[in-house]
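Colleague: I would like a close look at one part of this model. Please take me through how the helices pack there, and what lies beside them.

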Amino acid sequence: MIPAKLVDRYLARLIAVPLAATMVIAAMLLLLEKMLRLFDFVAQQGGPVSVVWRMLANLIPEYLSLGIPIGLMLGVLLAFRRLAVSSELDVLMATGYSYRRLLRVPYMFAGALAFVNLMIVGFLQPYSRYAYEGLRYELRTGALGSSIKVGEFTTLGKGMTLRVERSQDGGRELSGIFVMAERDGAKKLAVTAEHGRFMATDDVNTIILRLRNGSLVHDQPGFSSPRVLTFANHDLPIDLPKEGAFRLRGGRDGELTIPELVRTGHAGNGDKKEERKSRAEFHFRLTEVATMMLLPLLGVALAVPPKRSSSAVGVFLSIVMIVSYYKINEYAEALGARGGMSPFFALWIPFALFAGLIWWMYSTLAHVPGGQPIAALERQASRFGAWLRRRFARHDPAAIAAG
C-alpha cells in the first residue's frame, strides 16, 4: 500500500497550486473590473489617483470572500480530475484508499479557509466596506486636496472661487492659481499666484491656502481705486464646505460585524424592519461560510469523468452551480429582509437543498458501482463535441483533400 503521508502530500500539492491561482485570479479580475469604474468616478470628482488604490485596497476583503470558495472548489476539482484522467485515482482505489480517506486533505483546506472566510465576512469586511464608503463620501463632498478640478472653476465655501492650471502631490501642491473671494458681502479679493499649497490648521473647518509669488487686488467700498499688492508669500484662509460628518458605521447591514448583527437582530426596540434585515444578513454570512464545507464533496463528484472520457463538463458545471447558489442566496436574503419569509428558513432551506444535491452526487460516485452523477451531461457533451468536429471537418481543406 502506498504510504498515507506521501498520498496526503501529493494531494496537498495538487490542490494548493490551482487553489491559490484561482483565488488570486478571481480576486484580480473583480478588482480590475471595479478599477475602471473607480478611475472614472474619481476623475469626475476631481480626485487624485492615489484615492483609487485606497478604495481598491478596501475592496480586497470583499472580493477575497468571493474568490476563496471558488478557489477551494476548483482546487479540489482540478486535483481529483488530474488523478482520474491519469488513472492515478484507480491505482489509489485498488491499493485500499476510498474517497472518504482521500477527502481528508481537501477538508483540511476547507476548514482552514472557512475560518479565514469567517474572519473576513464577519469582522474585516464590515470595516473595509465602511472605509470604502467613507472615501466615496469625501470625494463627493469635497475634501479639498482631492476635489480641485484642474482647468475648471471650483467653488470653495461661501463666496470663493478657485482655478488652477496644474495639480501635484495628491491635489495639495498647485500651480497657476487664480482666486476670487468676496468677504462680508463687500470686500473683494482677486489673487493670482505661481504656486500654492493647502495647509491644515487647528480648526477642522478651516484650511490655509499658502500662496507664493503672486499679486493681490483688494477692493471694497471707500477705496478710491483697488489696491494692488505683490507678495512672495501670502496665506489665504478657506472655510471648508459645511457638510455633515460621515455617518457612523452600521448605516448599512454590510457594515456590521457578526456580533453586532446578533445584537441588532434581537434588540427588541420595536423596529421590526431593521431586526429582519440584520437577521437576514447574519444568516446569509453563516450559510456563505457553511457552504465551504460542502465544496470538497462537490469538487470530487464533478471531477471524475466517465471511463475513456476527458470531458471538462464538470468544471463548467461547478462554476454554474456556485454562481447560481450565490444568486439564490442573495434573493433569499432580500426575501427574508422584506418579511416575506423568516430569514432563518429563507437562507437555510436553499442551503439544505444544495447540501442534499451535493451529497447525492457524491454518494452516487463513491458508493454506487460505476456511478457517475453527471453521466448524462457527459454523454450529451461528447455527442455535441463529435457533431462539431464532423461539422468543421466538412469545411476543412485538408480533410476534403484526404477524402
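Modeller: Start with α7 and α10, whose crossing is right-handed. This is a predicted model. Helix α7 covers residues 272-290, and its axis comes within 8 Å of the axis of α10. The two axes cross at roughly 20°. Angles under 35 degrees count as roughly parallel, so α7 is roughly parallel to α10.

Now turn to the pairing of α7 with α9. Here the axes are 7 Å apart, and the angle is about 160°. Angles over 145 degrees count as roughly antiparallel. Therefore α7 is roughly antiparallel to α9. The crossing of α7 and α9 is right-handed. Why give both an angle and a distance? Two packed helices are described by the angle between their axes and the distance between those axes.

Next, look at the link between α9 and α10. Helix α9 spans 313-338, and α10 spans 343-367. M341 sits in the loop between them. Is M341 buried or exposed? Its relative accessible area is 33%. Buried means under 20% and exposed means over 50%, so M341 is partly exposed.

M341 also belongs to a nonpolar surface patch. Its partners there are F344, F345, I349 and L353. Together these residues make a patch of about 480 Å².

To retrace the route: α7 runs roughly parallel to α10 and roughly antiparallel to α9. The loop between α9 and α10 holds M341, and M341 helps to make the nonpolar patch.

Definitions and conventions
Residues numbered from 1 in each chain as written. Predicted model: local features only at pLDDT ≥ 70, side-chain atom pairs only at ≥ 80, totals over all residues. Heavy atoms only, no water. Patch = residues over 30% accessible without salt bridge, like charges linked within 9 Å, V, L, I, M, F, W, Y side chains within 5 Å. Areas by Shrake-Rupley, 256 points an atom, 1.4 Å probe, with all protein chains shown as cover. Salt bridge = Lys/Arg side-chain N within 4 Å of Asp/Glu carboxyl O. Helix = DSSP H or I, 4+ residues; strand = E, 2+ residues; numbered from the N terminus. Buried < 20%, exposed > 50% of the residue type's maximum accessible area, 1.4 Å probe, protein only. Axes fitted to C-alpha atoms, helices over the stretch in contact; angles between N-to-C directions. Parallel < 35°, antiparallel > 145°, perpendicular 65-115°, else oblique. Left-handed = near helix turned anticlockwise from the far one by under 90°.
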